Amino acid sequence: MSNDQPTPGQPPEDDPFLKKPQEPPTPPSGSAAGSEPGPGAGAGSGPGSGPGSGSPYDRAQPPPPPPPPYDPNAYGGGPYGGTDPLAGMPPLGEPGKRILARLIDFLIISIPLYLISLPFGGAVDVSDNNGNGESAGDVFSQTYSGHQLLWSLIALVVYVAYDTYFTHKDGRTIGKRLLKLRVAMLNDGRVPDTSASFLRAVVLWLPALLCCPCLWWLINIVLMFTDKPYRQGLHDKAAKTVVVSTA
């Protein structure tokens, strides 16, 4: 009995989300390779026999090439030698479902985190300015001073850990599981490894929580609708991943 075990952290070879090689074309009936030749059709018999004669299916056809490797220069539909870069992959996830799945994940984390912060003054530090009319710079410095910055860092750690764990586990956070979506490596469709999952989570959440949340979410949402051919956000581009449907 074989004691071979799958490599930890890697999906089994029968993972239904792996890229599947394309099937070779089916030869027309009556001219398939391996069919019995008729009388007098032996090698070298009859006029016109020899290399280059007869049906093109009389010779074994080589298998089709595998899907092309990840090409960072291919965004927007770069040259692929005529091969579909999405060949063998499940359908790409719909942008609307991806946004809803992300919202579900956000609420799953943010609501408990906010409730935990209440005994310590709340995650958002709301100061009474007594109507003094501070400038926008003063408001920004108050918002991200001390208390708020601490909770932003705590939230960053929690969000990154959540995304990294579930993406590495099977490519599906809770929100993606509910919406039948999955994160996959673009080159072969496998579940992202730990480094790719961590990089994807950091690129997604670091600017969103510490720098420019509104602008960052807007850029990623626009890319979900407009990026070709993979509908990748900036976090997907960094980790070389793609979001596909499991429906």
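Reader: Which hand does the crossing of H3 and H5 have?

Author: The crossing of H3 and H5 is right-handed. Keep in mind that this is a predicted model.

Reader: Okay, and how do I read the packing of H3 and H5? What angle and what distance should I look for?

Author: The general idea goes like this: a pair of packed helices is described by the angle between the two axes, plus the distance between those axes. Here, helix H3 covers residues 147-170 and helix H5 covers residues 194-210. Their axes are 8 Å apart, and the helices pack at an angle of about 150 degrees. That makes H3 roughly antiparallel to H5, because angles over 145 degrees get that label.

Reader: Which residues meet where H3 packs on H5?

Author: Quite a list! On the H3 side, look for residues including Leu149, Leu153, Leu156, Tyr159 and Val160. On the H5 side, the residues they meet include Phe198, Val202, Trp205, Leu206 and Leu209. Sorted by class, the contact of H3 with H5 has 14 nonpolar, six polar and two charged residues.

Reader: Let me pick Ser197. Where does Ser197 sit, and is Ser197 buried or exposed?

Author: Ser197 has its place in helix H5. Ser197 is buried, since its relative accessible area is 1% and the cut-off for buried is under 20%.

Reader: What does Ser197 touch, leaving out residues up to four places away in sequence?

Author: With those left out, Ser197 touches Thr164, Thr167, His168 and Pro192. Among them, Thr164, Thr167 and His168 are also on the list of H3 residues that meet H5.

Reader: Now the backbone. How do I read phi and the peptide bonds?

Author: As a rule of thumb, most residues other than glycine have a negative phi, and most peptide bonds are trans. Now for the cases to look up here. The peptide bond from Lys228 to Pro229 is cis, with omega near 0 degrees. You'll find Pro229 in the loop between helix H6 (213-226) and helix H7 (234-239).

Reader: And phi? Which sign does Arg231 have?

Author: Arg231 has a positive phi of about 55 degrees, although it is not a glycine. Arg231 is also found in the loop between H6 and H7. With a relative accessible area of 30%, Arg231 is partly exposed.

Reader: What about Lys240, and where does Lys240 lie?

Author: Lys240 isn't a glycine either, and its phi is positive, about 60 degrees. Lys240 lies in the loop between H7 and strand S2 (241-245). Its relative accessibility is 40%, so Lys240 counts as partly exposed.

Conventions
Residues numbered from 1 in each chain as written. Predicted model: local features only at pLDDT ≥ 70, side-chain atom pairs only at ≥ 80, totals over all residues. Heavy atoms only, no water. Axes fitted to C-alpha atoms, helices over the stretch in contact; angles between N-to-C directions. Helix = DSSP H or I, 4+ residues; strand = E, 2+ residues; numbered from the N terminus. Parallel < 35°, antiparallel > 145°, perpendicular 65-115°, else oblique. Left-handed = near helix turned anticlockwise from the far one by under 90°. Contact = heavy atoms within 4.5 Å. Nonpolar A, V, L, I, M, F, W, Y, C, P; charged D, E, K, R; others polar. Buried < 20%, exposed > 50% of the residue type's maximum accessible area, 1.4 Å probe, protein only.
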